[in-house]
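I opened my notebook to look up one strand hairpin and one pair of helices. Come and read along with me.

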Amino acid sequence: MKLSILILLFFCCVTQTKSQDTIPVLKGNVTISIEKGTIACDFTLSNIPNIEDYVIRINSGMNILYFKNKTSGSLLYFDRDRSDSTSFGESIAYFFGGTKGVRKFLPKEIEVRYVGMFPVIDTAKETMVEDWRGNIAFVGKTLRADGYQSAWYPIIFDMKKQILYQKVKYDVQVNCSDCKTLYVNGSKPIIGQSNNFKSDTPQELLLYCGNYDFENLDNTYVLNGKMTNTQLSDFGSLVNGFKKYYETKLKLKYNGDITFINTIPTAKKYGFLFVSYPTITSVNAQPSGLNRFIDTKASAFYKPYVAHELGHYYFGELLRTNSEFGPVFNEGFTEYISLKLTKDLISDSLYKVNVAKKIKSLKDFKPKAFSQLKTQSDFNNRDLYVYYYVPIVLLALEHELGEKKMWEWLNEIILSKTDFTNYDFLKRSLVKSLDKKLYEHIINSYFETDESLLNAIKKISNQ
Ligand SMILES: [Zn+2]
């Protein structure tokens with residue numbers, strides 16, 4: 001069971017991304033070697049939004065040859081901004097100094113060239129101490145690099161509005177002479193050592209290239225899944241059933257076909273899933289791979305993780321989040337709807353076990369009230385707060401509102417327009433759905449009191 005506990009702790013990653021008003025365009029080429037662990041990029045970033053206080057994030061393992069202002073043709077002196085506090089630590093935040101007292105200058109079009117070299121892990125011989133979403137992982141004869149967290153390509157961030165421009169339209173040539181298969185998020189995987197990938201739909205540029213096969217069923221691709229046709233069909237039915245459930249409950253269409261990646265971790269005992277829509281990546285050392293979600297014996301235990309990742313389409317993709325409060329929506333609400341799915345589609349007894357486990361894990365946890373969350377450190381323990389505490393509060397709210405009204409409220413939240421997904425946004429969305437008395441009861445019992453966890457557990461237990 002130890003491995004299972006680890007999986008619970010590391011299964012997901014936050015996204016701090018507010019909806020982009022402008023979509024940058026990324027053109028150029030990337031040359032990879034999975035044998036050597038190298039990435040060399042020559043990119044031009046255009047259609048750059050007009051931002052005063054910006055940084056350009058690029059992974060700290062990348063060595064810059066130059067930044068060039070494409071309009072003037074001149075090379076740009078660059079500096080580092082060390083106040084980029086919402087980054088996850090993988091990237092360096094670059095900017096170009098302005099003239100006449102202006103601190104930062106952002107050209108309309110930038111060319112950037114850089115190279116990076118990363119450890120190539122042979123898990124039979126060695127291991128890293130940990131693995132995580134933002135890791136640029138050369139492992140198992142593949143390269144896995146997510147988009148926004150690893151920042152392997154240049155990503156603009158608006159410091160003031162907290163908008164991350166990780167979604168780009170792209171026209172990128174990928175070369176990898178020691179790869180068998182190439183995949184760029186949002187495009188179809190191809191067999192080959194070189195391909196021009198293009199997308200006019202903005203995408204977070206996750207990469208998965210290397211020595212692996214893939215399968216396709218009704219436009220759902222499974223990369224490195226090692227599945228038989230029957231397993232593929234079972235997995236497809238599982239995913240479609242989960243999507244349908246969310247669609248029906250939230251009354252919002254689940255658009256698009258999901259691509260699944262099955263790959264191994266760079267560190268022992270690490271297993272996690274993350275979503276870079278429309279790709280869900282499963283990082284796990286188990287030989288059963290994605291089949292652990294459909295093999296009858298163990299699958300019930302694992303299915304809620306798929307439910308959670310698919311739920312991020314609504315809280316993460318449709319509702320983009322920012323501000324320190326963002327993870328409450330992004331992870332907490334996603335975990336809540338995956339609990340609902342667990343109860344209705346997977347197993348009522350597993351649902352009860354999972355709720356009980358959450359309550360037990362929260363025994364010594366003293367969460368700050370929603371209204372008191374001002375900085376990242378206010379979570380105290382982020383995982384306990386967003387994956388355990390928030391869903392328990394939401395379950396209590398469901399008992400207060402009734403299930404139907406609860407789903408209607410979630411629909412309202414997802415469709416609402418807001419600059420910041422902060423605590424005020426949460427209150428505003430609720431006041432629309434409830435009468436004054438119930439609204440005040442919820443604020444006083446769950447949102448603005450240190451007793452909220454106790455109140456929530458009491459409410460759930462009384463039902
Ligand atoms: Zn998540």
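Below are my entries, with the ground rules ahead of the findings.

**Ground rules.** I am reading a predicted model, where local features need pLDDT of at least 70, side-chain atom pairs count only at pLDDT 80 or more, and totals for chains, interfaces and linings use all residues. I number residues from 1 along each chain as its sequence is written.

**Entry on the strand.** I looked up β22, residues 272–276 (strands are DSSP runs of E, at least two residues, numbered from the N terminus). I found 5 of its 5 residues buried, meaning 20 or more other C-beta atoms, placed from the backbone, lie within 10 Å of a residue's own. On one side I noted F272, F274 and S276, while L273 and V275 point the other way. In a regular strand the side chains alternate between the two faces of the sheet.

**Entry on its partner.** I then followed β22 through a hairpin of 2 residues into β23. I saw that β23 covers residues 279–283 and runs antiparallel to β22, with 5 bridges between them (strands pair if DSSP finds at least two bridges). I spotted S276 opposite T279 of β23.

**Entry on the helices.** Next I checked α6 (residues 382–401) and α7 (residues 403–415), whose axes come within 7 Å and cross at roughly 120°. Helices are DSSP runs of H or I, at least four residues. Axes are lines fitted to C-alpha atoms over the stretch in contact, and angles run from 0 to 180 degrees between N-to-C directions. I logged L397, E398 and L401 of α6 as meeting E403, K405, M406 and W409 of α7; contact needs C-beta atoms, placed from the backbone, within 7 Å.

Terms used
Buried ≥ 20, exposed ≤ 12 C-beta atoms within 10 Å, placed from the backbone. Contact = placed C-beta atoms within 7 Å.
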